[in-house]
Amino acid sequence: MYSIIKTSHSHLAWVALLILIIVVVLSSMAFFSKKKWSASQFKIALIGLIAAHIQLLIGLILYFTSPFGMSNLSGETMKDSFARLLAVEHPLINIIAIILITMGYSKGKKALETEGAAKSVFIFYTIGLVLILSRIPWHVWMK
Ligand code: HEM
Ligand code: HEM
């Protein structure tokens with residue numbers, strides 16, 4: 001069970017990051033050229049939202065099944081920067097990042113056909129993506 005969840009989270013991370021980067025690039029182009037996103041152009045933000053939510057769901061399951069997740073919470077873990085990254089920083093910061101992405105999506109959806117749609121997606125998804133990238137355990141990923 002643990003290894004299936006961990007492998008899924010590890011591989012889907014590539015897909016989620018790639019999609020979020022594409023959404024940030026497209027929304028920045030629309031934002032800087034003052035484009036008004038229609039419902040069909042906004043679909044790309046939905047794909048990014050779904051990718052982030054799937055990663056959140058699998059991440060939460062992983063948090064409760066992994067020996068490096070909740071079960072590893074202790075004073076010793078807090079003193080060890082790598083253990084703390086996996087058990088505290090990565091989960092916490094990524095939940096915040098995905099909440100921001102969800103807020104950007106909701107605000108954008110309410111602003112369809114105005115310049116606000118791409119603006120919300122660009123600002124919120126960029127902050128979310130930067131937070132996610134800041135807390136990836138890069139040196140163990142895919143090992
Ligand atoms: C722990 C798991 C999850 C949580 C806590 C969660 C939470 C949320 C929340 C709070 C919203 C509301 C956004 C709004 O204000 O409109 C939302 C919307 C959505 N979520 Fe999730 N989600 C989870 C997993 C998933 C998964 C696994 C998928 C897809 C496979 C998914 C797909 C969506 C979609 C499509 C929307 C709505 C888009 C819309 O409003 O048009 N979520 N989710
Ligand atoms: C978009 C959001 C996220 C991305 C891109 C992501 C990506 C990753 C990556 C690349 C790893 C390393 C996998 C490996 O060692 O091969 C990892 C590990 C982990 N992630 Fe996430 N993650 C995300 C969100 C979350 C969330 C929301 C949680 C929990 C609430 C979570 C919990 C964990 C845990 C506990 C591990 C360590 C698993 C272990 O080594 O046993 N992740 N994540």
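**Two ligand sites in a predicted model**

Helices α2 (39-65) and α4 each supply at least two residues of the shell around ligand 1. Please bear in mind throughout that this is a predicted model.

Let me stay with ligand 1. The largest share of its shell, eight residues, comes from α2. Among the residues that surround ligand 1 are Leu-46, Leu-49, Ile-50, His-53 and Ile-54, together with Thr-102, Tyr-105, Ser-106 and Lys-109. By character, the shell divides into eight nonpolar residues, three polar and one charged.

Which side chains make polar contacts with ligand 1? An N or O atom in the side chain of Tyr-105 is 2.8 Å from an oxygen atom of the ligand. For Ser-106, the corresponding distance from a side-chain N or O atom to an oxygen atom of ligand 1 is 3.0 Å. Lys-109 places a polar side-chain atom 2.7 Å from an oxygen atom of ligand 1.

I turn now to ligand 2, which contains an iron atom. Two histidines coordinate this iron through their NE2 atoms, His-9 and His-90, at 1.9 to 2.0 Å. Where in the chain do these two residues sit? His-9 belongs to helix α1 (residues 2-32) and His-90 to helix α4 (residues 81-110), so the pair links distant parts of the chain, 81 residues apart. Both His-9 and His-90 are buried.

Why is the arrangement around the iron called octahedral? There are six donor atoms, and the angles they subtend run from 85 to 179 degrees. The assignment requires opposite donors to be over 155 degrees apart and all others to lie between 65 and 115. The arrangement is therefore octahedral.

Beyond the iron, ligand 2 is surrounded by 25 residues, and the closest are Tyr-2, His-9, Ser-10, Ser-66 and His-90. Several of these also make polar contacts. A polar side-chain atom of His-9 lies 2.7 Å from a nitrogen atom of ligand 2. In the case of Ser-10, a polar side-chain atom is 2.8 Å from an oxygen atom of the ligand. For Ser-66, an N or O atom of the side chain is 2.5 Å from an oxygen atom of ligand 2.

I close with one residue of helix α1, namely Ser-28. Is Ser-28 buried or exposed? Its relative accessible area is 15%, and Ser-28 therefore counts as buried, the cut-off being under 20%. A polar atom of the Ser-28 side chain lies 2.7 Å from the backbone oxygen of Val-25.

Definitions and conventions: Residues numbered from 1 in each chain as written. Chains lettered and ligands numbered in written order. Predicted model: local features only at pLDDT ≥ 70, side-chain atom pairs only at ≥ 80, totals over all residues. Heavy atoms only, no water. Donors = N, O, S within 2.8 Å, 3.2 Å for Na, K, Ca; no water. Tetrahedral: all angles 85-135°; square planar, octahedral: opposite > 155°, others 65-115°. Helix = DSSP H or I, 4+ residues; strand = E, 2+ residues; numbered from the N terminus. Buried < 20%, exposed > 50% of the residue type's maximum accessible area, 1.4 Å probe, protein only. Near = heavy atom within 4 Å. Polar contact = N/O pair within 3.5 Å; in protein donor to acceptor, adjacent residues only side chain to side chain. Nonpolar A, V, L, I, M, F, W, Y, C, P; charged D, E, K, R; others polar.
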